[in-house]
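Visitor: Could you walk me through this one slowly? I am new to reading structures, so plain words would help.

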Amino acid sequence: SRIVATFLAMARQNPPRRTAIDINESIENALSLAAYGLRTSGIVVDRQLGTGLPLIEADPDQLHQVFVNLVLNAQQALQSAGPVSYTHLT
């Protein structure tokens with residue numbers, strides 16, 4: 001139901017509205033929407049979200065669309081690059 005609601009929100013052409021948004025939640029929602037495609041492509045997302053971030057003022061639908069586009073662009077780039085190995089350095 002969340003995916004359907006997201007697509008409906010993206011399809012609406014409402015004027016932008018600014019509200020207080022938790023940016024981590026917006027990123028998580030975008031990743032959730034793209035999760036199936038990422039998983040079937042063999043892409044594992046390493047989440048390193050900030051803690052204690054203040055809310056930001058933005059249009060939630062537009063910001064969500066930005067994050068979804070970034071994730072999908074990254075997915076397409078990784079698919080066309082072939083196998084990639086990743087080592088997390090600390």
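Guide: Let us begin with a term: helices here are DSSP runs of H or I with at least four residues, and they are numbered from the N terminus. With that in place, Ser-32 can be assigned to helix 2, and please keep in mind throughout that this is a predicted model.

Visitor: Okay, and is Ser-32 buried, partly exposed or exposed?

Guide: Ser-32 has a relative accessibility of 30%, and because buried means under 20% and exposed means over 50%, Ser-32 counts as partly exposed.

Visitor: How far is Ser-32 from Val-68 in space?

Guide: Their C-alpha atoms are 9.4 Å apart, although 36 residues separate Ser-32 and Val-68 in sequence.

Visitor: Let me zoom out for a second. How many helices and strands are in the chain?

Guide: The chain has 3 helices and 2 strands, and, read from the N terminus, these elements follow the order α-β-α-β-α. Of its 90 residues, 21% count as buried.

Visitor: Back to helix 2, then. What about Ala-34, buried or exposed?

Guide: Ala-34, which also belongs to helix 2, has a relative accessible area of 7% and is therefore buried. Its C-alpha atom is 7.2 Å from that of Leu-72, while the two residues are 38 apart in sequence.

Visitor: And which residue has a side chain with a polar atom 2.5 Å from the backbone oxygen of Gly-50?

Guide: That is Asn-24, whose side chain places a polar atom 2.5 Å from the backbone oxygen of Gly-50. Asn-24 lies in helix 2 and is buried, since its relative accessible area is 16%.

Visitor: What about Glu-25, how accessible is that one?

Guide: Glu-25, another residue of helix 2, has 48% relative accessibility and so counts as partly exposed. Between the C-alpha atoms of Glu-25 and Leu-49 there are 9.7 Å, with their positions 24 residues apart along the chain.

Visitor: New topic: at what angle do the axes of helix 2 and helix 3 cross?

Guide: The axes of helix 2, residues 23-40, and helix 3 cross at roughly 40° and come within 9 Å of each other. That angle is why helix 2 is described as oblique to helix 3, and the crossing of the two is right-handed.

Visitor: Does the length of helix 3 agree or disagree with what its residue count suggests?

Guide: It agrees, because the 22 residues of helix 3, residues 60-81, should span 32 Å at 1.5 Å a residue, and the C-alpha atoms at its ends are 32 Å apart.

Visitor: Which residues of helix 3 are buried?

Guide: The buried residues of helix 3 are Leu-63, His-64, Phe-67, Val-68, Val-71 and Gln-75. Looking down the axis of helix 3, you would find its buried residues within an arc of 135°, so they line one face of the helix.

Visitor: And what sits on the face turned away from that buried side?

Guide: The face of helix 3 turned away from its buried side carries Leu-70, Gln-76, Ser-80 and Ala-81, which are exposed.

Visitor: Last one: which residue caps the N-terminal end of helix 3?

Guide: Asp-59 caps that end of helix 3, with a side-chain oxygen 3.0 Å from the backbone nitrogen of Asp-61.

Terms used:
Residues numbered from 1 in each chain as written. Predicted model: local features only at pLDDT ≥ 70, side-chain atom pairs only at ≥ 80, totals over all residues. Heavy atoms only, no water. Expected span 1.5 Å × (residues − 1). Buried < 20%, exposed > 50% of the residue type's maximum accessible area, 1.4 Å probe, protein only. Arc of directions from axis to C-beta. Polar contact = N/O pair within 3.5 Å; in protein donor to acceptor, adjacent residues only side chain to side chain. Axes fitted to C-alpha atoms, helices over the stretch in contact; angles between N-to-C directions. Parallel < 35°, antiparallel > 145°, perpendicular 65-115°, else oblique. Left-handed = near helix turned anticlockwise from the far one by under 90°.
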